[in-house]
Amino acid sequence: MMNATYAWPDGKRCVAAFSIDFDGETPYLWRSRHTQPNTLGELEQRAFGPRQGIYRILEMLSRLDIRSSFFIPGVIAEKYPAAVEAIAKEGHEIGLHGYLHERVDELSKEQVEESIIRGKQALEKVIGPRTMGFRSPSWEMTADTFELLQRHGIPYDSSMMGYDHPYWIEGLPEVPVQWLLDDAIFYRYTGGGAGNPPLNPNTVIDTWQQEFEGIKRYGGLFLLTVHCWISGRGSRIIALERLLSQLKNDPDVWWATCGEVAEYHAKQYAGQFRETLGGRTP
């Protein structure tokens, strides 16, 4: 299938989707669950997301008339139900993102299943029962996790990077991400002198624009992922709106949520672009 062209609806050249990993403090809480540090810097930095950043992103999306996909850990739904309600009220897709942003490769199969169940229950307590896709915390997956997603009726995954268009892996539609289109690798900085300082937003937007041009040439999926505690900051959201506004006006682009992309793939490519774990073609 390496030379096959992926065909999008209505003759569109490519698809664009905007996703938000609404993590808030959960990655920090997961990493520090055994040590219980008494520092507050990173916690407060991450809390900016559910306190302010999420509402700025929602306002921007409303202005641009873009429906997006929010992947939310269960703990965020428990701690910030008003924010999750606001996302649902605006008609955005809501997907699973673990319970405490647990890395599945650090869990037993039983623990992964518990995180899926608890995460779904926490979200549904706020927004009611619904079918939800899955994005694994830290974008890592295991064979057990794919098996559990199917067992619990999860319709798709969005954690892997095996193509730059949707494909099948372990019986599920995969809506692929990629690190180049994630804001964290450019902006994330939590202090202490570790790591590189954040990049200028103009540099990041230029990088994303170049990747979009390449994806459009090859007919792929431009799936941009941001975090509201990172991209909800002033200069970054202004630059982000500039890019999204430009792409929204491109007549060659089909705009869709991750769930809509997965549904399209399931209907149109039932027998194509299938891969097993590790890229072994059946």
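Which residue in β5 stands opposite W168? In this predicted model, the residue facing W168 is P173. The strand β4, formed by residues 167–169, runs antiparallel to β5 and is joined to β5 by three bridges. These two strands belong to an open sheet of three strands, arranged in the order β5-β4-β8 with mixed pairing. The edges of this sheet are β5 (172–174) and β8 (274–275), each of which pairs on one side only. The loop between β4 and β5 contains E170, a residue that is not a glycine yet has a positive phi of about 50°. E170 is classed as partly exposed, because its relative accessibility is 30%.

A second backbone conformation of this kind occurs at D10, where phi is positive at about 55° although the residue is not a glycine. In general, most residues other than glycine have a negative phi. D10 is located in the segment before β1, and its relative accessibility of 75% places D10 in the exposed class.

Pairing in the parallel sense is found among β1, β2 and β3. Three bridges connect β1 with β2, and the two strands run parallel; within this pairing, S19 has S69 of β2 as its bridge partner. Strand β3 (residues 93–96) is in turn paired with β2 in the parallel sense, over four bridges, and S69 stands opposite E93 of β3. S69 thus appears in bridges to S19 and to E93. In a regular strand, side chains alternate between the two faces of the sheet. In β2 (residues 69–72), both faces are covered: S69 and F71 are buried on one side, and F70 and I72 are buried on the other.

One residue of β2, I72, is also among the contacts of L123. L123 is placed in helix α5, which spans residues 109–127, and is buried at 0% relative accessibility. Beyond its neighbours within four places in sequence, L123 contacts I72, A77, V84, I94, G95, L96, G128 and M132. By contrast, the C-alpha atoms of L123 and N249 lie 33 Å apart in space, with their positions 126 residues apart in sequence.

The loop between β1 (14–21) and α1 (26–31) holds E25. This acidic residue is buried, with a relative accessibility of 4%. The side chain of E25 forms a polar contact of 2.6 Å with the side chain of Y80. When neighbours within four places in sequence are set aside, the residues in contact with E25 are L43, R46, A47, P50, I76, K79 and Y80.

Aromatic side chains were examined next. Across the whole structure, 13 aromatic pairs are found. In one of these, the ring centres of Y6 and Y264 are 6.5 Å apart and the ring planes meet at 55°, so the pair is classed as tilted. Because Y6 lies in the segment before β1 whereas Y264 lies in helix α11 (residues 258–268), this pair ties together parts that are 258 residues apart in sequence. Both partners are buried: Y6 has a relative accessibility of 4%, and Y264 has a relative accessible area of 15%. Y6 and Y264 are also members of a cluster linked by ring pairs, together with W8, Y163, Y167, W254, Y269 and F273.

Rings also take part in arrangements with arginine. The charged end of R33 sits over the ring of W30, at 3.4 Å from the ring centre. Likewise, the charged end of R236 is positioned over the ring of Y187, with a distance of 4.3 Å to the centre of that ring.

The cysteines were then considered. The number of disulfides is zero, where a disulfide would require two cysteine sulfur atoms within 2.5 Å. For C14, the closest cysteine sulfur is that of C258, and the separation of 15 Å is too far for a bond. The converse holds for C258, whose closest cysteine sulfur belongs to C14, likewise 15 Å away and therefore too far for a bond. C14 is buried at 0% relative accessibility, and C258 is also buried, with a relative accessible area of 0%.

Key: Residues numbered from 1 in each chain as written. Predicted model: local features only at pLDDT ≥ 70, side-chain atom pairs only at ≥ 80, totals over all residues. Heavy atoms only, no water. Pairing = 2+ DSSP bridges. Buried < 20%, exposed > 50% of the residue type's maximum accessible area, 1.4 Å probe, protein only. Polar contact = N/O pair within 3.5 Å; in protein donor to acceptor, adjacent residues only side chain to side chain. Contact = heavy atoms within 4.5 Å. Phe/Tyr/Trp six-rings, centres within 6.5 Å; stacked < 30°, edge-to-face > 60°. Lys NZ or Arg CZ within 6 Å of the ring centre and 35° of its normal.
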